[in-house]
Amino acid sequence: MIQPISITELNTQIKSLLEATFVQVCVQAEISNLTIHKSGHIYFSLKDENSVISAVLFKGNATHLKFRLEEGLKVIVYGSVTVYAPRGNYQIICQKIEPSGIGALWLAYEQLKTKLKAEGLFDASAKKSLPKFPKKIAIVTSDSGAAIEDMKKVAQKRWPLAKLVLIPTLVQGEMAKYDIVSSIKFADLLNADLMIVGRGGGSLEDLWAFNEEIVARAIFEAKTPIISAVGHESDIAISDFVADVRAATPSNAMEIALPDMNDMRFYLDNLIQ
């Protein structure tokens, strides 16, 4: 005859069996019942056409997400199965989540773009006009990249009367967004006529700091007119949408910012004649 055991013992046995069997799982599913707890943990369900399972992404792993989890979003989840013994509920503990069929960075880009556009950060009415003859230009970029050298060459050729003030800035890596924000705020205190924010070309990951929300908001809140000059002509960052003017490259930013002294010479000759 089978000896009865307690519910606690049963759940404990089930927990041991499941956790030993499903140490590592990878599932593709749709997110539903999404709840972001004030602790930073994210609770949700993963479902397909016929089944559903509970899931949790704890704060430590949630901080590594590049995109925002949303109801109905199809994802690929990596994790393990566990049982919460007091209630007899089993769930997936998520270690990593990727969007299904689209890159995480690209999804994050589109999500932030939609959010900021809805808030009015891209509105033409919020754009500041650029001065025709800037005397002082603050440049927020790396002091060791090719971008600053290219800009200096263009400035010397077009309008050497302008004073360039470089704020050396980290433009790549996890901490770059904070350094860019700090540099923008500092440059905004210099009474410059114009600010250029940007860097040379690179991959989407290399340019990612200019797709961060805190950078976009710092550009929007600045009192100084800003030209965004990130990467090559085909690279369009979130900062490009928020800035007062978007330049295709750092060199192009200086061409937009400064008049051409040869054009001015022709103009003055015409006036004299």
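This tour moves from the whole chain to its first strands and then to a single lysine.

The model is predicted: local features need pLDDT of at least 70, side-chain atom pairs count only at pLDDT 80 or more, and totals for chains, interfaces and linings use all residues. Residues are numbered from 1 along each chain as its sequence is written, and side-chain values use heavy atoms, with hydrogens and water left out.

**The whole chain**

Begin with the C-alpha trace of the entire protein. Along the principal axes, the C-alpha atoms fill a box of roughly 115 × 35 × 30 Å. The radius of gyration is 26 Å, whereas a compact globule of 273 residues would have a value near 19 Å; this quantity is taken over C-alpha atoms, and the globule rule is 2.2 Å times the number of residues to the power 0.38.

Switch to a cartoon to display nine helices and ten strands. Helices (H or I, at least four residues) and strands (E, at least two) are DSSP runs, numbered from the N terminus.

Next, show the surface. About 15,600 Å² is exposed, and carbon and sulfur atoms supply 55% of it (Shrake-Rupley method with a 1.4 Å probe; for residues, only the protein chains shown count as cover). Buried residues, those under 20% relative accessible area (1.4 Å probe, protein chains only), make up 40% of the 273 residues.

Contacts, meaning heavy atoms within 4.5 Å, may be displayed as well. Of those with a separation of 6 or more, 65% are between residues 24 or more positions apart.

**Strands β1 to β3**

Select residues 25–36, strand β1, together with residues 42–47, strand β2: the two pair in the antiparallel sense over five bridges. Strands count as paired if DSSP finds at least two bridges between them. Thr-35 stands opposite Tyr-43 in β2. β1 and β2 form a hairpin with five residues between them, and Gly-40 in the turn has a positive phi of about 105°.

Add residues 52–57, strand β3, which pairs with β2 in the antiparallel sense over six bridges. Here Phe-44 has Ala-55 in β3 as its bridge partner. β2 and β3 also form a hairpin, with four residues between them.

**Lys-152**

Finally, select residues 146–158, helix α4, and pick out Lys-152 within this helix. Lys-152 is partly exposed because its relative accessible area is 41%, between the buried limit and the exposed one of over 50%. To end the tour, draw a line from Lys-152 to Leu-17: their C-alpha atoms are separated by 67 Å, and the two residues are 135 residues apart along the chain.
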